[in-house]
Amino acid sequence: MKKLPVNCPSCESPLVASQLSCSECETVISGSYSLPILLQLSKEDQDFIFEFILTSGSLKKMAAKMEKSYPTVRNKLDDILEKINNLKN
Amino acid sequence: MKTLLFKPFEKYSEQKLLITGIIATLIGALVCNALNCRFIGFLKMTFIDEAFIGKSILDNIIIVSCLTFFLFLAGKYIYKKTRLIDIIVTAIIAPIPLYLLPIFNINNTIKTTTENILQYSSTELAHQIPTENIIPLVLFGLFSLLILIWCIALLYNGFKTASNTKGTKAIVIFGIALVLADIASRYVIFHLN
């Protein structure tokens, strides 16, 4: 799967979606759409959130699944929350 | 291996670490007792004429309790979600390398060597200290330094994991907590044990 770039490789500014297209009828929509916050996170952080949802938000289950300790998983979640808050502001 | 030796807190559950720590602490007390050593503070070991198992265990309990108390206060100050169990496992696992130090005192080697050297304590006699007395002490000193670095690295990594610490401020608070825990453990052991 191709990695979605979220920052400009030239100036590091956040990228926006300027064109969307329908793969069925080839309709193309142009504009300037900001990427959702979750998409602006790294692949690793997105995978973590995905796992978090799959384990019904249980950090203990996640820790067991990831073979990490509970505080390590909790710290990771807190770091992601901090990143999300920074992206929101 | 690096994780096991320096960052076990990132990988292993608190139950596993707690059980390992309790077993190691008891073994440490037995080793101290067998080789006539006492930890009279978190970072202070002394060689004695005759050790008692009860005192050795109590020494270790006092040290772990002092470390837990001050690191937990520091952890809560830095990060509200710090759990007591994570600090307890840090305090009980981190001193494990220190229990290797008494091995140098097999047959009272270090104690005897130290006493021999003390006979040459005056300035005029200092150059007469026999080499066979200096070598074991130098080796013991170097080994102690490595063990100390390992122990503090474990303590910091455990504290970092437990309290999600980042930045210089957290390191300073950790350092203060460590010094206070050492002073408190020396004071309590001196007065109670």
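When the axes of two helices make an angle of 65 to 115 degrees, the pair counts as roughly perpendicular. That cut-off helps in reading chain A of this predicted model, where helix α3 (residues 59-66) and helix α4 (residues 70-88) pack at an angle of about 110°, with their axes 9 Å apart. The two helices, α3(A) and α4(A), are therefore roughly perpendicular to each other, and the crossing that α3(A) makes with α4(A) is right-handed. On the side of α3(A), the contact is built from A:Leu59, A:Lys60, A:Met62, A:Ala63 and A:Met66, while α4(A) supplies A:Tyr70, A:Val73, A:Arg74 and A:Leu77. Sorted by class, this contact of α3(A) with α4(A) holds seven nonpolar residues and two charged ones, with no polar residues.

In the loop that leads from α2 (43-54) to α3 of chain A lies A:Ser56. Its backbone deserves a second look, since A:Ser56 has a positive phi of about 55° and yet is not a glycine. Most residues other than glycine have a negative phi. A:Ser56 counts as exposed because 8 other C-beta atoms lie within 10 Å.

Chain B offers a second helix pair, in which α3(B) and α5(B) pack at an angle of about 35°, their axes being 9 Å apart, and in this case the crossing is left-handed. From α3(B) come B:Glu14, B:Leu17, B:Leu18, B:Thr20, B:Gly21, B:Ile22 and B:Thr25, and these meet B:Ile85, B:Asp86, B:Ile88, B:Val89, B:Ile92 and B:Ile93 of α5(B). The contact of α3(B) with α5(B) divides into eight nonpolar, three polar and two charged residues.

Both of these helices also take part in the largest nonpolar core, since the elements that give two or more residues to this core are α3 (14-34), β1 (37-41), α4 (53-78), α5 (84-93), α7 and α8 (167-192) of chain B. The core has 44 residues, and those with the most contacts inside it are B:Leu67, B:Leu71, B:Ala91 and B:Ala181. The element that gives the most to this core is α4(B), with ten residues. To follow one residue of the core outward, B:Leu71 touches B:Ile87, B:Thr90, B:Ala91, B:Phe159, B:Ala177 and B:Ala181, when residues up to four places away in sequence are left out of the count.

Helix α7 of chain B, which spans residues 131-163, also contains B:Ile152. With 16 C-beta neighbours inside 10 Å, B:Ile152 counts as partly exposed. B:Ile152 and B:Leu43 are separated by 109 residues in sequence, but their C-alpha atoms are 9.9 Å apart in space. In the loop between α7 and α8 of chain B one finds B:Asn164, whose phi is near 45°, a positive value in a residue other than glycine. B:Asn164 is buried because 20 other C-beta atoms lie within 10 Å. A:Ser56, the residue with a positive phi described above for chain A, is by contrast exposed.

Finally, the two chains meet in a contact that takes nine residues from chain A and eleven residues from chain B. On the side of chain A that touches chain B, the residues comprise two nonpolar, three polar and four charged.

Terms used:
Residues are numbered from 1 along each chain as its sequence is written. Chains are lettered from A and ligands numbered from 1 in the order in which they are written. This is a predicted model: local features need pLDDT of at least 70, side-chain atom pairs count only at pLDDT 80 or more; totals for chains, interfaces and linings use all residues. Two residues are in contact if their C-beta atoms, placed from the backbone, lie within 7 Å. Ala, Val, Leu, Ile, Met, Phe, Trp, Tyr, Cys and Pro count as nonpolar, Asp, Glu, Lys and Arg as charged, and the others, Gly among them, as polar. Helices (H or I, at least four residues) and strands (E, at least two) are DSSP runs, numbered from the N terminus. A residue is buried if 20 or more other C-beta atoms lie within 10 Å of its own, exposed if 12 or fewer, and partly exposed in between; C-beta atoms are placed from the backbone. Axes are lines fitted to C-alpha atoms, for helices over the stretch in contact, and angles run from 0 to 180 degrees between N-to-C directions. Angles under 35 degrees count as roughly parallel, over 145 as roughly antiparallel, 65 to 115 as roughly perpendicular and the rest as oblique. A crossing is left-handed if the near helix is turned anticlockwise from the far one by less than a right angle, and right-handed if clockwise. A nonpolar core is a set of buried Ala, Val, Leu, Ile, Met, Phe, Trp, Tyr and Cys residues joined through C-beta atoms within 7 Å.
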